[in-house]
Amino acid sequence: MKMSMENIIGSSLIQNVVCEHNLSANLFTGPDPSYHNHDVYEIYFFIRGNTRLYVEQRCFELKSGDCIVIRPGQMHRCIVTDTTPYERISLYLATESLRMLSSEATDFLEYFQQKICGEKGGTIHVTAYEAKQYVQMTDRYLEMTDSGKFGNDLTRKRAARCGQQCI
């Protein structure tokens with residue numbers, strides 16, 4: 001089923017997607033911050049900082065351009081090891097959104113579960129050019145949703161509602 005823009009705006013698809021671009025200056029979490037989880041997928045894109053991300057019992061020494069997909073329910077925590085600015089983009093994506101974006105020929109939910117989280121362990125690394133493009137696209141999207149343009153109120157309201165559930 002192909003979704004029109006009207007269907008997407010009126011559907012739960014946007015309600016189930018939250019995007020954040022965070023820069024934390026002088027954030028030091030200490031040696032033992034607590035684990036937490038979400039009921040959605042978290043696509044965690046690391047931009048800069050001195051950080052270790054733990055997903056369950058696995059530790060990732062993050063480098064710029066690392067992207068990690070954290071499954072719903074997986075316990076994880078981030079340890080910022082010093083006061084270097086820590087920058088990341090988090091995309092919270094509900095299982096229902098993956099179902100809505102799928103077709104008979106293309107099953108995004110199965111792809112996330114089997115290919116991304118299964119074979120690769122949920123990690124990929126992108127080039128500096130790809131990272132720059134992703135950050136620019138994300139910032140344009142966030143700027144649009146924060147502007148006074150038509151429809152931004154729907155995105156902000158849904159993001160706030162999902163953000164309270166996701167974070």
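Reader: Setting aside neighbours within four places in sequence, which residues is Gln 74 in contact with?

Author: In this predicted model, Gln 74 is in contact with His 36, Asn 37, Val 55, Glu 56 and Val 69. Each of these has heavy atoms within 4.5 Å of Gln 74. Gln 74 itself is found in the loop between β5 (66-70) and β6 (76-80).

Reader: Why does Gln 74 count as buried?

Author: Its relative accessibility is 18%. Buried means under 20%, so Gln 74 falls on the buried side of that cut-off.

Reader: What makes the approach of the Gln 74 side chain to the backbone nitrogen of Arg 71 a polar contact?

Author: The side chain of Gln 74 reaches that nitrogen at 2.9 Å, and the cut-off for a polar contact is a pair of N or O atoms within 3.5 Å.

Reader: Let's turn to the strands. What makes β1 and β7 a pair?

Author: At least two bridges are needed, and β1 (residues 17-24) joins β7 over eight, in the antiparallel sense. Within this pairing, Cys 19 stands opposite Leu 91. On the same test, β2 and β7 also pair, because seven bridges join these antiparallel strands. There, Phe 45 has Ile 89 of β7 as its bridge partner.

Reader: How do you know that β7 is mostly covered?

Author: Eight of its eight residues are buried. Tyr 86, Arg 88, Ser 90 and Tyr 92 point one way, while Glu 87, Ile 89, Leu 91 and Leu 93 point the other way.

Reader: Which residues touch the most other members of the largest nonpolar core?

Author: This core has 17 residues, and Tyr 41, Ile 43, Phe 45, Ile 89, Leu 93, Leu 98 and Phe 112 touch the most other members. Two or more residues come from each of β2 (41-48), β5, β7 (86-93), α3 (108-119) and α4 (128-146). The largest share, four residues, is from β2. A second, separate core holds 11 residues, including Tyr 44 and Tyr 86.

Reader: Why are β4 and β6 said to stand at the edges of their sheet?

Author: Three strands form an open sheet in the order β4-β3-β6, with antiparallel pairing. β4 (58-61) and β6 each have a single partner strand, so one side of each is left without a neighbour in the sheet. The twist averages 20° from one strand to the next.

Reader: And what makes β3 and β4 a pair?

Author: Four bridges join β3 (residues 51-55) to β4, and at least two are required, so the two strands pair. One bridge here links Val 55 with Arg 58 in β4. Val 55 is also among the contacts of Gln 74, where we started.

Conventions
Residues numbered from 1 in each chain as written. Predicted model: local features only at pLDDT ≥ 70, side-chain atom pairs only at ≥ 80, totals over all residues. Heavy atoms only, no water. Buried < 20%, exposed > 50% of the residue type's maximum accessible area, 1.4 Å probe, protein only. Polar contact = N/O pair within 3.5 Å; in protein donor to acceptor, adjacent residues only side chain to side chain. Core = buried A, V, L, I, M, F, W, Y, C linked by side-chain atoms within 4.5 Å. Axes fitted to C-alpha atoms, helices over the stretch in contact; angles between N-to-C directions.
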